[in-house]
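Trainee: I should like to go through this structure and ask what lies behind the terms used for it.
Mentor: Please do; we shall set each value against its criterion.

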Amino acid sequence: MPAESDGVPTHRGDAARPLRNLWRLRHYLRPHAVAFCWLLVAALAATGASLAVPLVVQRVVDGPVARHDPGGLVRLGGLALLLGLAEALLIFIRRWAQTSSSVGMEATIRADIYAHLQRLPAGFHDRWQTGQLLSRVTSDLSVIRRFLSFGLLFLVLNLVTYVAVVVLLVRLHPTLGLLVAASAVPLFLISRRFGRYYHAASRRMQDQQGDVATLVEETAQGLRTMKAYGRGPELAARFADGARALHDTGVAKSRLLARTSALFDLVPNLTLGVVLVAGAVAAARGALTIGELVAFVSLQLMLIWPVQSLGWIIANGQEAATAADRIQEVLDTEPAIVDAPHAVGLARAGVRGRLAFEGVSFRYPGTPAPVLRGIDLTVEPGETLALVGATGVGKSTLLSLVPRLHDVSAGRITLDGHDVRDLRLASLRRLVGVAFEEPTLFSMSVWENLTLGRPDADADEVRAALALAQADFAYELPWGLATRVGEQGLTLSGGQRQRLALARAVLGRPALLVLDDPLSALDVHTEALVEAALRRVLRDTTALLVVHRPSTVALADRVALLERGRITAVGTHSRLLATVPAYRAVLSADPAPPADAGPRAGAALAGPDGRGLVRS
Amino acid sequence: MTTTADADANAAGGTADDAERHEAAAHLDLQRWRGRATDPEADRSRAEEATPEAIARLRVRSRALLRDLLRPHRGRLGLAVGLLLAQNAAAMSGPYLVMLGIDRAIGPLRAGDSGPLVAIAGAFAAATVVEYAARRGFLTLSARIGQAVLLELRQRVYGHFLRLSVGFHERYTSGRMISRLTSDLDSIAELLDGGVDSLVLAGLSILSVAGILLWLDLPLAAVTLLAFPFLFLLSRWFARASAGAYRRTREAVSLVIVHFVESLRGIRAVQAYRREPRNQRIFAAVNDDYRQASLRAFRLIATYSPGIKVIGNVTVAVVLGYGGARVLGGAMEVGVLAAFLLYLRRFFEPMQELSQFYNSLQSATAALEKLAGVLDERPGVAEPARPAPLPGGDARGAVEFRSVSFGYRAGAPILSGLDLSVPAGQTVALVGATGAGKSTIAKLLARFHDPDAGTVALDGVDLRDLADAELRRAVVLVAQENHLFSGSVAENIRFGRPGADDAAVQAAARAIGAHDFIAALPDGYATEVRRRGGRLSAGQRQLVAFARAFLADPRVLILDEATSSLDVPTERLVQRALATVLRDRTALVIAHRLSTVETADRVLVLDGGRVVEDGPPERLTATGGRYAALRRQWRDSLV
């Protein structure tokens, strides 16, 4: 299982109770309990009717036909017809009921898993591949549906048939009957052994299905990169490995099933042979009449199908069990970021927007070194603070702590003096408007993408937000704001996407704006326009920005320098530029004295005017 | 925007009318949130038009695909059928031997002769062993065939997806691609799992029993045959209804998958914007749509199968009445009627199996249709059948656009009649506002799309005539969004040149200044980047992408906003490295930061898809045109 190798609490079905997780899904059965009872009754009755039809036919042949009694023929023939129709009707009822309840249950579980996944924090989704999650809500759920609609029913029906027939056999002839009953022992042993091996194989197969789904998902994600480098053959080879692993497991699994199915065939046949020999000997000795032996054997033949199908049912059951394990692994993961019991909501109007980091440290789960250490930083109401630092220093991580996409490892973050963990998540996230460094767009209408956080926004608000972000181009799209943006908005240019994301962030009229390098993909001209508009918004909104460019720094009242996980300097841009060399190195237009770059490289790039060529 | 979709959860108990109305409402809502696609064929492959002819064509094609997939396994299939028949024969002989034993062995045994019993017991044992071996062999073999077919199909479809153009994938969406390669294949697997078994055995017993019936009594057999028109009509109804129903389940499950994949991929935005409730409603709607579609399809088989039962049982009753009357009339023996009725049951029993098989076939065909539709899709940017070589074997890197016109949509050209010639080794910067066509030029040169008119040529060879491998060796595009594949950092850099050794990978990382941060990662170059590079910052990802391009060492390098997420010193490092790298290469650079532009040999200012200024940056600055204005603005933005 590649997805969970790094410390995700996995609740593998413990070997001793392989069905535990399947059993735990029983509450989904409850709304359908009545339907299930009915369908069980219908199934048993249908079996009864199907057994009765030949009996009636036999009576017709032996009775009215033999006795030349037309009235009896009509009566019994009519009975046969009625029984036949009843059988079909009962089957219809069973299948109809089965269909609604099993499909309904599948949909309910799927919706619940999805709801749970939406509650799980970003940290969970960083570790779990979407493909693995997807295979759980599609393939695994349909395995469970199949088990509930067929496997379980036939398990019950077959066990009932088996027990009933064995009881009849024992009553018919105790010794031979007990011999047949004893054949349950090897059957049980075979089942247990098979169940154990098949359990492992089935789990492996489902995990590999998830891996294949993951590979496909990743291919779709990296398609342009793949095209750009012409690495189709390499990806195809990689996929072939995954598909072949799936194929091999499939073959191994079916080999197990083939062996066991054949054994399930062998055991009743051998028992039959033993009964035949022993019965013949007994009959020869006169301990058994031939009629009794015939009846015994005919009854015993009824056992073959229920036993034969046992292999398939156990396989189906094991697959459902491992599928349930995989589903419960997800459902058992407690959302780490939830409302505290005493959490309160803040009204937008009452929020001034004072944001404070107090001794904040953060470490990604499963990593040894903290990314942020002892951050103390305050953004006053209405103030704009820019966060500056080298690539990969933790700026984006710091921002993600504000809307609680991650929770701090130590210290606290307060909004107007309230620890953000004491605020209701919905309230907190309503107050904070975020734009990420990578604008996340969905293949939905532009409108839907913009109103992500404000489904109730009206056309004027949307227009204002678009105007601010210089994103009026959205109106020029073929269907205006109803146009579906392609997947991840890739049909738009980087700058267009970024402007839509910015419009989305400001649309909520948040008390606190958290913008991660919001203008990086804009051209100079647009950037100037957006900056001008943004400046108006920022005048009365508290804002925390990550910036890489001196031009964007100009938006900020103060700047904080993040170095090696700590805030090393806070002040105005010009003051830091003048007094903090590290700040100048990160942001300044003038290249720092070449520390690591050799003079050769520097010379190669120096322009004719002797200036560094490279700058914001 | 409100939704009525959540009310659908209760529709299960409602009437069919209710369900339909709810469905229509849910559908409407789906249309609204998804928005209107610019391409009318956004949700399907081109082969999947909604016309009846297209559907019929696709159906034929999907069956042909199935045959094509099975063809290499003809021999093994024959063997499997042989094993199945052997198993069946052995299984049939069991009861016969038992009766034989009772009839023939007990008498001699009483007389003290155990010979017949031993012989029959021996025969029984032999039959049992044959049955065991044949069954095991058949199950193993048929599973092998099924898995081999699945493997082949999966790889074929995946390979085809890789060949299809970027434009196709933009409209088809990744969720739908995932759905094709997972869910659709699952339903084909279901057919292959149990299909051969039931088809062969049921077919066999129906044929043999039909023979026996005809031989037993012709008039009664004729009455039995009356059932066939009904069976035929019922099956035709089922075939038509279920084809549509299963097709709808395939489409419905795609939407579930699309929404699931996309919303979880963007979970940070979802959570930050409290999108969960609305997502849940949308998911409930698509999930419920899928539930309804499945329900409809499953209810068809829940009707069809008992329907066959009705026909069978009614036939039994009719035969019983008619046969009984004939016996009463003295036209027939009682024994014949008894036998006929017994066999009649065996005749209709396998029909149930066949109906199940037919159901799986219908479901698999719907899935196969989708896959056939994908396989039918001609790559919009196709590999040439007979690739032309580059003059001199190796690329020099001269790029030429000859009266190139291009638009993503008909009627909205981005470029019209663009002429552009870049000599080998020149570094060209593209400048212009959003929508001016900069990225489009980059994408055309990387052959993500083909021009609508005109040609893009490398060293005088039309890109459409170049083998993909050769083109990609020569031309590499580094875009703003760079995908990191799951695997280590080293593997991701090596993506640029798969054969490269560790030293070369490190050298590439060092050259663009990525070595320090990579070395500081927990496992250095062996650090897993996790899904989509979750643990690397955007800037770090750009650095890895740069190292990748550096390692790929192409003659023509296209940089489309490739340094936008880097901090200034890092960008400086990258640009230093680039200056060395680009010196003897052709480069097309798109950057909003004019710092990059100033290092270029030549600047092109684009406006509305046309080159409005062209020249070395110094000259353009001096002549005081648009570039000079832009540059002034940029200078002013510096602090």
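Trainee: How do you know that chain A departs from a compact globule?
Mentor: In this predicted model, the radius of gyration of chain A is 36 Å, whereas a compact globule of 616 residues would have one near 25 Å. That reference value follows from a rule, 2.2 Å times the number of residues to the power 0.38. The C-alpha trace of chain A spans about 120 × 55 × 50 Å along its principal axes.

Trainee: What makes a residue of chain A count as buried, and what percentage does so?
Mentor: The criterion is 20 or more other C-beta atoms within 10 Å of its own. Buried residues form 52% of the 616 in chain A.

Trainee: Why is the set that includes A:Val388 and B:Ile512 called a nonpolar core?
Mentor: Because its members are buried residues of nonpolar kinds such as Val and Ile, joined through C-beta atoms within 7 Å. This largest core has 356 residues, and A:Ala503, B:Phe546, B:Ala547 and B:Ile558 are also among those with the most contacts inside it. Helix α10 of chain B, residues 276-328, gives the most to this core, with 21 residues.

Trainee: How do you know that A:Ala503 touches A:Leu450?
Mentor: Contact requires C-beta atoms within 7 Å. Leaving aside residues up to four places away in sequence, A:Ala503 touches A:Leu450, A:Ala465, A:Leu466, A:Leu468, A:Ala469 and A:Ala471.

Trainee: Where are the domain bounds in chain B?
Mentor: Domain 1 covers 49-376 and domain 2 covers 399-637; their centres, taken over C-alpha atoms, are 54 Å apart.

Definitions and conventions. Residues are numbered from 1 along each chain as its sequence is written. Chains are lettered from A and ligands numbered from 1 in the order in which they are written. This is a predicted model: local features need pLDDT of at least 70, side-chain atom pairs count only at pLDDT 80 or more; totals for chains, interfaces and linings use all residues. Domain bounds come from an automatic or database domain assignment. A residue is buried if 20 or more other C-beta atoms lie within 10 Å of its own, exposed if 12 or fewer, and partly exposed in between; C-beta atoms are placed from the backbone. Helices (H or I, at least four residues) and strands (E, at least two) are DSSP runs, numbered from the N terminus. Two residues are in contact if their C-beta atoms, placed from the backbone, lie within 7 Å.
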